[in-house]
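User: I want to learn how to read sheets, helix packing and ring pairs in a model. Can we go through one feature at a time?

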Amino acid sequence: MFTLITGFILLICSLAVYFFTARYRAIEFEERLSKKIDATARLYADVDEVDARLLRIIQQQELGTIPNEQVLIYNLQREEVYSSSENAFFQPDKEFIEDIIREGNYFGQSGIYEMLGKIYEGKGGTFIVIAGGYDKFGLSKLRNLKNVLIIVTLGGILIFLLSGWFFTLRALKPVAGIVSKAEQMSPENLHERLDEGNGKDELGRMARAFNQLFERIEEAFKLQKTFVANASHELRTPLTIITGQLELLLLKPETEGHVKASIEEILEDMKRLNRITNALLLLAQTEHNSNDMTVSPVQLDDVLWQVINELKNSRPDIRFHVNFLTPPQSESDFRAEGNALLFRTVILNICDNACKFSSDSQVYVSLDYDNKYVKFICTNYGKAVPAEELKFLFQPFFRSTNSTGVRGHGLGLALVDKIVKLHEGQINVESASEKTTFTIEFRHSLKG
C-alpha cells in the first residue's frame with residue numbers, strides 16, 4: 001500500500017513535469033516563430049530595397065535558424081507571394097489560412113511541422129504571414145526528459161518498495177515479537193509476560209493489555225488446578241470409605257440374602273462411580289500437569305502383556321490374539337518415550353473397549369515399529385461406529401449409537417486422546433463392515 005500510494009504520487013508528479021515542460025516548449029517555439037514572422041514581414045513589406053531574393057539570402061544567414069524553417073507570405077487573395085525556401089517543407093491548407101484570417105493569430109501543426117500564422121499590416125499592404133519548422137532540439141530535449149522521468153519513476157517505485165519493505169519490517173518487528181510470544185503461551189508458562197517496551201505507545205499499551213489478560217487467565221488456571229486437587233481428595237475419600245464398608249458387610253455371614261444382593265448392586269455402582277471419578281481426575285491432570293509428568297523409555301510390549309493378563313482375570317471369556325507385525329531385532333524396538341502409567345492407561349482403555357464391543361469374544365492386538373514410531377494396533381469385530389459419529393468419538397461423555405446395552409461412561413477414549421496428544425503421538429480409528437481398528441503411534445525411543 002505504501003509503494004502504491006507513493007508510486008502513484010511520483011507518477012502524477014512526473015506526468016505534470018512532462019506536461020508543463022511540453023507546454024513551455026510549444027509556447028517558446030511559438031514565440032520564435034512569431035519573431036521570425038515579424039522580422040520577415042517588416043523587411044518584405046516596409047523596406048523597398050529588399051526583394052524576395054535578397055530577403056531569402058538574409059534569412060539563410062541568420063543565427064538560430066530553425067531546422068527545416070520556412071516562411072510563407074500570402075496576399076488577401078490567398079495567393080503565395082513569397083517563400084523563404086525553394087524546397088517546400090510543408091504547405092498549409094486552405095482551412096489553416098482561413099483560421100488565420102478569422103483568428104488573426106493561429107498556431108497549428110502539419111505532421112512533424114509546427115506553424116504559426118499572423119495577419120500583418122504594413123506600408124506595403126496587408127499580408128498573411130506563416131512561419132513554421134521542425135523543433136528538432138526542443139522535441140529532442142522533451143524525449144530525453146520523458147526517458148529520464150520514466151527511469152526516475154520506475155526507479156523511485158523500486159526504491160519505495162524496498163525501503164517500505166525494510167521500514168515496515170522494522171516498524172512491525174515489535175508486533176511480530178508480541179505475536180510470537182503470544183503463540184508460545186500455554187497453560188504451562190502462563191507466568192511469562194510480553195515485553196511492554198516503553199509502555200507509552202500503542203504497542204506498549206497493547207502488550208500491557210495482553211499481560212493483564214494473561215494474569216486473569218493464569219489466576220483462573222490456578223483456581224481450576226486447586227479445584228482439581230481438592231476434588232481429588234474430596235471425591236476419592238468418601239467413595240473409598242463407602243466401598244470398604246459395603247465390602248465389609250458382604251463378608252459378614254449374618255447378612256440376609258436380599259440385603260446382600262442390594263449391597264452388591266450398590267457396591268457395583270460405587271465401583272463404577274469410582275472409575276468415573278478416577279477417569280475425570282486423570283483427564284484433568286493430563287491437561288494441567290504435563291510439566292510434572294515423569295518421562296522415561298517404556299517397553300510397550302511389556303505394558304501390553306501386563307494389560308492382557310489383567311483383562312484375562314476380569315474378562316475370562318475374551319480371547320486375545322497378539323501379533324508382532326515386524327519381528328523385533330532388539331529389546332529397544334518396541335521402546336517408546338513417555339510415562340509408563342499413562343501408556344498403560346491408553347492400552348488398557350483401548351483393549352477394554354475392544355472387549356466390550358467384540359461380538360465373537362476375540363480381540364486382535366498388534367505391535368509394529370519403524371525409525372520414528374512404535375505402533376499399537378487393536379482390532380475387534382462387532383457393530384461398527386457410524387461414519388458420521390467418528391469425529392465425536394474422543395469427546396468426553398460421548399457414546400455412539402452402537403454402544404446401546406454396553407456399560408460405560410464415555411471417558412475412556414477422551415482420556416486416551418489426551419494422553420496420546422500429550423506424548424505428541426498420533427491416533428487413528430477406522431470402523432466399517434463390522435470391524436473397528438484403533439492405531440496409535442508413540443515416538444520411538446532408542447535410549448537405554
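Analyst: Start with a definition. Two strands pair if DSSP finds at least two bridges between them. Keep in mind that this is a predicted model.

User: How many bridges do β3 and β4 share, and in which sense do they pair?

Analyst: In general, strands of a sheet pair through backbone hydrogen bonds, either parallel or antiparallel. Here β3 and β4 (residues 113-122) are antiparallel, with six bridges. One residue-level example is Ser110, which stands opposite Tyr113 in β4.

User: What is the strand order in the open sheet with antiparallel pairing?

Analyst: Read across the five strands: β2-β1-β5-β4-β3. The edges are β2 (80-83) and β3, each pairing on one side only. Neighbouring strands are turned by 20° against each other on average, with direction ignored.

User: Which strands of this sheet does α3 touch?

Analyst: Helix α3 packs on the sheet and touches β1 (70-74), β3, β4 and β5 (125-133). The direction of α3 makes about 160° with that of β3.

User: Now the rings. What describes an aromatic pair?

Analyst: Two values: the distance of the centres and the angle of the planes. The count in this model comes to ten aromatic pairs. Take Phe96 and Tyr106. Their centres are 5.4 Å apart and their planes stand at 70°. Planes over 60 degrees apart count as edge-to-face, so this pair is edge-to-face.

User: Where do Phe96 and Tyr106 lie?

Analyst: Phe96 is in helix α3 (residues 94-103), and Tyr106 is in strand β3 (residues 105-110). The pair therefore ties together parts that are ten residues apart in sequence.

User: Is Phe96 buried or exposed?

Analyst: Check relative accessibility. The cut-off for buried is under 20%. Phe96 has 7%, so Phe96 counts as buried. Tyr106 has 29% and counts as partly exposed.

User: Which geometry do Tyr364 and Tyr381 show?

Analyst: Their ring centres are 5.7 Å apart and their planes are at 90°, so they also form an edge-to-face pair. Tyr364 sits in strand β9 and Tyr381 in strand β10, so the pair links parts 17 residues apart in sequence. Tyr364 is partly exposed at 29% relative accessible area. Tyr381 is partly exposed too, at 33%.

User: Which residues do ring pairs link into a cluster?

Analyst: Ring pairs join Phe324, Phe334 and Tyr369 into a cluster.

User: Back to strands. What is the order in the sheet with mixed pairing?

Analyst: This open sheet of five strands runs β7-β9-β10-β12-β11. Its edge strands are β7 (319-324) and β11 (426-432), each paired on one side only. The average turn between neighbouring strands is 15°, direction ignored.

User: How many bridges join β10 to β12?

Analyst: Nine, between residues 373-381 of β10 and residues 435-443 of β12. These strands run antiparallel. To follow the register, look up single partners. Tyr381 of the ring pair has Lys435 as its bridge partner in β12. Asn380 stands opposite Thr436 in β12.

User: And how do β11 and β12 pair?

Analyst: They are antiparallel, over seven bridges. Ile427 has Ile440 in β12 as its bridge partner. The hairpin of β11 and β12 has two residues between the strands, and Ser433 there takes a positive phi near 55°.

User: Which strands does helix α8 lie across?

Analyst: Helix α8 (residues 340-357) lies across β7, β9 (362-369), β10 and β12. It runs at about 20° to β10.

User: At what angle do the axes of α8 and α9 cross?

Analyst: Roughly 140°, and the axes come within 9 Å. Helix α9 spans residues 412-422. Angles over 145 degrees count as roughly antiparallel. The crossing angle makes α8 oblique to α9. The crossing is left-handed.

User: Which residues of α8 and α9 meet?

Analyst: From α8 come Leu342, Thr345, Val346, Asn349 and Ile350. They meet Gly412, Leu413, Leu415, Val416, Ile419 and Leu422 of α9.

User: Last, the whole chain. How many helices and strands are there?

Analyst: The protein has nine helices and twelve strands. Of its 448 residues, 38% count as buried. Among contacts between residues at least 6 apart in sequence, 65% join residues at least 24 apart.

Terms used: Residues numbered from 1 in each chain as written. Predicted model: local features only at pLDDT ≥ 70, side-chain atom pairs only at ≥ 80, totals over all residues. Heavy atoms only, no water. Helix = DSSP H or I, 4+ residues; strand = E, 2+ residues; numbered from the N terminus. Axes fitted to C-alpha atoms, helices over the stretch in contact; angles between N-to-C directions. Contact = heavy atoms within 4.5 Å. Phe/Tyr/Trp six-rings, centres within 6.5 Å; stacked < 30°, edge-to-face > 60°. Buried < 20%, exposed > 50% of the residue type's maximum accessible area, 1.4 Å probe, protein only. Parallel < 35°, antiparallel > 145°, perpendicular 65-115°, else oblique. Left-handed = near helix turned anticlockwise from the far one by under 90°.
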